[in-house]
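Please prepare a short report on the fold and the ligand surroundings of the structure shown here, with attention to the sheet, the helix packing and the unusual backbone geometry.

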Amino acid sequence: MRILVTGGAGFIGSHLAKRLLEAGHKVIVVDDLSTGSRDNVPEGAELLVLDLSRPESLSRLPDDVAAVCHLAAQSAGAVSAEQPYYDLMANAGSTLLLSRWCLERGIGRFVYASSMAVYGDEVESPVGEDARCVPKSYYGASKLAAEHVLRLAAPEGLNVTVFRIFTAYGPGQNLRNLKQGMVSIYLAYLLRGVAVPVTGSLDRFRDLIYVDDVVEAWRRAVETRATPRLVYNLGTGRGTTVRELLQALARACDLPADHPVEELPGSPSDQFGLFADVSAVSFDLDVAPPTRLEDGLQRMVSWATAGVASRVTSAMLCLYGPGNASWVSRSARGMRTTPSSNSTIRPSKPASA
Ligand SMILES: NC(=O)c1ccc[n+]([C@@H]2O[C@H](COP(=O)([O-])OP(=O)(O)OC[C@H]3O[C@@H](n4cnc5c(N)ncnc54)[C@H](O)[C@@H]3O)[C@@H](O)[C@H]2O)c1
């Protein structure tokens, strides 16, 4: 099958492109490289550099594709607060344009990357797909708007599957982008050996899903003509507090569990915590049990430390200046750091799930 993967120069999209190529599909990646990178696009995939929020870009897309996997998005909560119009156009605007483009060309299959951000905080965990959605951020609002656009396109002939992805992590996550990706942000600071800035409570929790598990569900969905439901949660069904995550990451980096953290005030648009009811995706797509958090983090840390000089140093040089660069290679070998802040990762409260 020829499949268009938008956002395929980004974290999840590049893993998906690779997985689809391995499964024997042809992949065309479309990405504006705003946060993604050419280097992420797997060998064997074609790359088209286009901004999908602009109507004129659509005429440059190949229309001999059988399916569209739409992952291109502005995906940072902080950016959505600073630039909500940009966020809405990149997320909901692009989805409207692409879904109409598919309908006009008879392209029948559309799989979309929505987010747990659509739920907001007014629901209980484990949250089911039928729960009320009251997003707390412009990012969540733009994802929910995109979902509604696709709900309207479905009866017109578009076979839509929406994945509400919880918090994905794994190798390939952008360690230079310190505005997006809870696990990658914390890891970038841990590898540098400095206090980890944590905005909001250490008791907040997330449903952390390993990227391979995310893209396997996507592969199964795109290879199916239609799924029984339009919307699926894509998580693990387990909550992990920020404190537990930091401790697990420190262990994976071979750093002391009491590595310093810098507790900062939270953002009003940040969700306190949710984990997913994953019964629908498990049943309909027959996905395997999720990767254990410890195993996933270990793989991510191995990847990050293998390329630490190129990936982390440049990000941290921007933050702290060139004087501190030598720590990176020492931390990659697992040496201890001197606490640089008066707060540490204290023992956990009981797990949230
Ligand atoms: N990573 C997560 O935990 C998570 C959780 C929930 C939902 N999602 C969603 O999954 C998708 C992929 O997330 P990710 O973590 O890989 O993000 P990412 O930022 O790494 O990838 C997004 C890609 O989209 C591209 N892009 C942005 N705006 C574009 C535009 N207007 N036109 C074309 N390309 C554009 C970027 O350059 C980037 O390569 C996004 O839609 C995101 O909102 C991610």
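The report below begins with the sheet, goes on to the helices, and ends with the ligand shell and two backbone details.

**The sheet**

The model is predicted, and the description starts from its open sheet of seven strands, which are paired in parallel and follow the order E3-E2-E1-E4-E5-E6-E11. Strand E3 (46-49) and strand E11 (231-234) occupy the edges with a single partner strand each, so one side of each of them is left without a neighbour in the sheet. If direction is ignored, neighbouring strands of this sheet are turned by 20 degrees against each other on average. Within the sheet, E5 runs parallel to strand E6 (residues 159-165) and is joined to E6 by seven bridges; in one of the pairings between these strands, Arg109 has Asn159 of E6 as its bridge partner.

**Helices across the sheet**

Two helices can be described by the strands that they cover. H1 lies across strand E1 (2-6), strand E2 (26-31), strand E4 (67-70) and E5, and its direction makes an angle of about 165 degrees with E1. H3 lies across E4 and E5, and runs at about 175 degrees to E4.

**Helix pairs**

Each of these helices also packs against another helix, as the table sets out.

| Helix pair | Angle | Distance between axes |
|---|---|---|
| H1 and H6 (residues 211-223) | about 55 degrees | 9 Å |
| H3 and H4 (residues 138-153) | about 15 degrees | 8 Å |

With an angle of about 55 degrees between them, H1 and H6 are oblique to each other, because this value falls in none of the ranges that count as roughly parallel, roughly antiparallel or roughly perpendicular. H1 passes H6 in a right-handed crossing, and the contact is made by Ile12, His15, Leu16, Arg19 and Leu20 of H1 together with Val211, Val214, Val215, Trp218 and Arg219 of H6. The residues of this contact between H1 and H6 divide into seven nonpolar, one polar and two charged.

For the other pair, the angle of about 15 degrees makes H3 roughly parallel to H4, because angles under 35 degrees are counted in that way. H3 passes H4 in a right-handed crossing. On the H3 side the residues that meet H4 include Pro84, Asp87, Leu88, Asn91 and Ala92, while those on the H4 side include Tyr138, Tyr139, Ser142, Lys143 and Ala145. The residues of the contact of H3 with H4 divide into twelve nonpolar, four polar and two charged.

**The ligand shell**

The ligand is surrounded by 29 residues, of which Gly7, Gly10, Gly36, Ala72 and Ala73 are the closest. Helix H1 (11-22), helix H3 (84-105), strand E5 (109-115) and strand E7 (167-169) each supply at least two residues of this shell, and H1 gives the largest share, with three residues. By residue class, the shell around the ligand divides into twelve nonpolar, 14 polar and three charged residues.

**Two backbone details**

Most residues other than glycine have a negative phi, and most peptide bonds are trans. Against that background, the peptide bond that joins Ser125 and Pro126 is cis, with an omega of about -5 degrees, and Pro126 is found in the loop between E5 and H4. Leu33, a residue other than glycine, has a positive phi near 60 degrees, and Leu33 has its place in the loop between E2 and E3.

Definitions and conventions:
Residues numbered from 1 in each chain as written. Predicted model: local features only at pLDDT ≥ 70, side-chain atom pairs only at ≥ 80, totals over all residues. Near = placed C-beta within 6 Å. Helix = DSSP H or I, 4+ residues; strand = E, 2+ residues; numbered from the N terminus. Nonpolar A, V, L, I, M, F, W, Y, C, P; charged D, E, K, R; others polar. Pairing = 2+ DSSP bridges. Axes fitted to C-alpha atoms, helices over the stretch in contact; angles between N-to-C directions. Contact = placed C-beta atoms within 7 Å. Parallel < 35°, antiparallel > 145°, perpendicular 65-115°, else oblique. Left-handed = near helix turned anticlockwise from the far one by under 90°.
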